[in-house]
Amino acid sequence: MSRVERDPERGRAAAAKLKALGVKGILIKAAEQGYITQLACKMPECFCPEELGGACYFEQVTNEWSDWRSDWMPTLEHFPVSKKEGGKAAVDNAILAHRLCNRLDHSLRVGRSHGRDLERIRKAREEGIRRNNVQIGNTEGDHIPTVEAEAATPKPKKTKKAPEWTSLPDAEKAQYLLDHQTIPDRTWTDEPRLKHEKRDAFIRRILGFPKTP
């Protein structure tokens, strides 16, 4: 049933990160056996706001469901055979997902109301913006105030260089993009995704890598 080539070495590293978040059970076993190799939400669409950290952002496992952070804790998604279709919780039928992304994906597929989840995503985005403002010293969420800016000696402007990974060969660039799920498509190509095209397939179509087994 396995749909990808296993990588136990990367899987063990992912398992260690999952354990640190309080994850137990099948997800750990799947990672240790190389079926899960990255701490990233692998749902068809990840709804975690980029302002919060995107697909690679996860919170600690908790039973406090009213806490917004529980939305972004790691959960098991049955794939490629869904639970509805009889899929079992097994190492070769498991992918990593955010709790909210898992729930919202199901709601969208069955036509269930999901307004509350969209509101939780909005609040999570606001929290991400607040955290970013705090990190840069902008607690008001507006411009960062400066003291006597007019009298300050202007600093020479730095020329913004393109990230080093953009100049990598296609094969290495493809692997880098797979390892960094939060990099937007527009930063490395002008080509749009096809309808329902997943990130892995999109990278393979544009760059020709990784090669199809």
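**Exercise 1. What percentage of the 213 residues of the chain count as buried?**

Solution. The structure is a predicted model. Of the 213 residues, 34% count as buried. The accessible surface of the chain comes to about 14100 Å². Carbon and sulfur atoms account for 52% of that surface.

**Exercise 2. List the elements of secondary structure in chain order.**

Solution. Begin with the totals: the chain has 6 helices and 2 strands. Next, put them in order from the N terminus, which gives α-α-β-β-α-α-α-α. Then look at the contacts between residues at least 6 apart in sequence: 54% of these join residues at least 24 apart.

**Exercise 3. Describe the largest nonpolar core and find which element supplies its largest share.**

Solution. The largest nonpolar core has 30 residues. Within this core, Leu18, Cys41 and Trp72 have the most contacts. At least two core residues come from each of α1 (8-20), α2 (26-32), β2, α3 (99-110) and α4 (115-135). The largest share, 4 residues, belongs to α2. A second core, separate from this one, has 9 residues, including Ala174, Leu178, Trp188 and Ile203.

Now take tryptophan 72 and leave out residues up to four places away in sequence. Among the residues that tryptophan 72 then touches are Phe47, Cys48, Tyr57, His98, Cys101 and Ile121.

**Exercise 4. Determine how many disulfides the structure holds, and examine cysteines 48 and 101.**

Solution. A disulfide is a covalent bond between the sulfur atoms of two cysteines. The cut-off needed here is 2.5 Å between the two sulfur atoms. The structure holds 0 disulfides. For cysteine 48, the nearest cysteine sulfur is that of cysteine 46, 5.4 Å away. For cysteine 101, the nearest cysteine sulfur is again that of cysteine 46, at 4.0 Å. Neither distance is within 2.5 Å, so cysteine 48 and cysteine 101 are in no disulfide.

Then check accessibility. Cysteine 48 is buried, with a relative accessible area of 5%. Cysteine 101 has 0% relative accessibility and also counts as buried.

**Exercise 5. Is histidine 196 buried or exposed? Give its phi and its place in the chain as well.**

Solution. Start with the place: histidine 196 lies in the loop between α5 (170-179) and α6 (199-207). Its phi is positive, about 65°, although histidine 196 is not a glycine. Histidine 196 counts as exposed because its relative accessibility is 72%, and the cut-off for exposed is over 50%.

**Exercise 6. Locate the cis peptide bond between phenylalanine 79 and proline 80.**

Solution. The bond from phenylalanine 79 to proline 80 is cis, with omega near 15°. Proline 80 is in the loop between β1 (74-78) and β2 (94-98).

Conventions
Residues numbered from 1 in each chain as written. Predicted model: local features only at pLDDT ≥ 70, side-chain atom pairs only at ≥ 80, totals over all residues. Heavy atoms only, no water. Buried < 20%, exposed > 50% of the residue type's maximum accessible area, 1.4 Å probe, protein only. Contact = heavy atoms within 4.5 Å. Areas by Shrake-Rupley, 256 points an atom, 1.4 Å probe, with all protein chains shown as cover. Core = buried A, V, L, I, M, F, W, Y, C linked by side-chain atoms within 4.5 Å.
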